[in-house]
Amino acid sequence: MTQKDLQALLEDSRQAGIYRLPHGDRRALREAAEAAGFACFEADLGDSDQIHGVLTRLGRQLGFPAWYGGNFDALKDCLSDISWREECGYLLILSRAEALQFANANAFRTLNEVFAAAIDEWRSQGVPMWVFYDLQADGLATLPTLE
């Protein structure tokens, strides 16, 4: 997929969702998102197998406001109102999420439900929001990959 094709895909809010980063190609994805005028965020979950640690890291690495409470509701609120970075779209790349998925599948599922709810809110406004997992291993094969 060319950068122009990838950019056009990212700009389509109807297709936005939660995906596995294709072939670990973080650079091409960031370049396409930046060319589209998106805010790009990256978070390293640090192989944390506890949801509290993941939520804390997300808040710190994504630059959430001081009122962020480090829980699922606060995460949804911050992702649904990114007023400190108003852009025409949003891209979030997460790395090292395998530990949480394997140690606490329910928390991992809830985390992705929060991401999906924020994506749906943005989609209702015609704004694309994408979440990509950049995986070290093939542990999250259940997530779709952009082709």
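Select helix H3, residues 51–61, in this predicted model. Ile51, Val54, Leu55, Leu58 and Gly59 are its buried residues. Colour these five and look down the helix axis: they cover an arc of only 130 degrees, so they sit on the same side of H3. Next, turn to the face directed away from that buried side, where His52 and Arg60 are exposed.

To find the packing partners of H3, show strand S2 (39–44), helix H4 (72–80), strand S3, helix H5 (98–103) and helix H6 (105–124). The buried residues of H3 pack against each of these elements. After H3 comes Gly63, with a positive phi near 70 degrees.

**The loop before H3**

Move back along the chain to Asp47, in the loop between S2 and H3. Its phi is positive as well, about 60 degrees, although Asp47 is not a glycine. Is Asp47 buried, exposed or partly exposed? Its relative accessibility is 41%, so Asp47 counts as partly exposed.

**The loop after S3**

Select Arg96, found in the loop between S3 and H5. This is another residue other than glycine with a positive phi, here near 55 degrees. Arg96 counts as partly exposed because its relative accessibility is 27%, above the 20% under which a residue is called buried.

**The cavity**

Run a cavity display on the whole structure. The structure contains 1 cavity of 30 Å³ or more, and the largest cavity holds about 60 Å³ of space. Which residues line the largest cavity? Select Phe41, Leu62, Phe64, Leu79, Ile82, Trp84, Tyr90, Leu91, Leu92 and Met129 to see the lining.

Colour that selection by residue class: 10 lining residues are nonpolar, with no polar and no charged residues in the set. Then colour by secondary structure element. Strand S3, residues 90–95, gives the largest share of the lining, 3 residues. S3 is also one of the elements that the buried residues of H3 pack against.

**Helix H1**

Go to the N-terminal part of the chain and select helix H1, residues 3–10. Leu6, Gln7, Leu9 and Leu10 are buried there. Viewed down the axis of H1, they fall within an arc of 160 degrees, so they line one face of the helix. To see what covers them, add helix H2 (26–35) and strand S4 (129–134), which are among the covering elements.

**Strand S1 and its distant neighbour**

Select Ile18 in strand S1, residues 18–20. With a relative accessibility of 16%, Ile18 counts as buried, because the limit for that class is 20%. Draw a distance from its C-alpha atom to that of Ala116. The two residues are 98 positions apart along the chain, and their C-alpha atoms are separated by 7.2 Å.

**Strand S4 and the loop leading to it**

Now select Asp134, which belongs to strand S4. Is Asp134 buried or exposed? Its relative accessible area is 10%, and Asp134 is therefore buried. Draw the C-alpha distance from Asp134 to Leu21: it is 5.1 Å, with their positions 113 residues apart in sequence.

Step back to Gly126, in the loop between H6 and S4. At 49% relative accessibility, Gly126 counts as partly exposed; the exposed class begins over 50%. The C-alpha atoms of Gly126 and Cys88 lie 9.1 Å apart, and the two residues are separated by 38 positions along the chain.

**Aromatic rings**

Show the side chains of Tyr19, Trp130 and Phe132. Ring pairs link these three residues into a cluster. A search of the whole structure gives 6 aromatic pairs.

**The whole chain**

Finally, zoom out and show the cartoon. The protein chain has 6 helices and 4 strands. Followed from the N terminus, the order of elements is α-β-α-β-α-α-β-α-α-β. Colour by accessibility: of the 147 residues, 48% count as buried. How much of the contact set comes from residues 24 or more positions apart? Taking contacts in the protein chain with a separation of 6 or more, such residues account for 72%.

Methods: Residues numbered from 1 in each chain as written. Predicted model: local features only at pLDDT ≥ 70, side-chain atom pairs only at ≥ 80, totals over all residues. Heavy atoms only, no water. Phe/Tyr/Trp six-rings, centres within 6.5 Å; stacked < 30°, edge-to-face > 60°. 1 Å grid on protein atoms, 1.4 Å probe; cavity = no way out; pocket = protein on both sides within 12 Å on 5 of 7 lines; lining within 4 Å. Points joined across faces, edges and corners; volume = space filled by probe spheres on them. Helix = DSSP H or I, 4+ residues; strand = E, 2+ residues; numbered from the N terminus. Nonpolar A, V, L, I, M, F, W, Y, C, P; charged D, E, K, R; others polar. Buried < 20%, exposed > 50% of the residue type's maximum accessible area, 1.4 Å probe, protein only. Arc of directions from axis to C-beta. Contact = heavy atoms within 4.5 Å.
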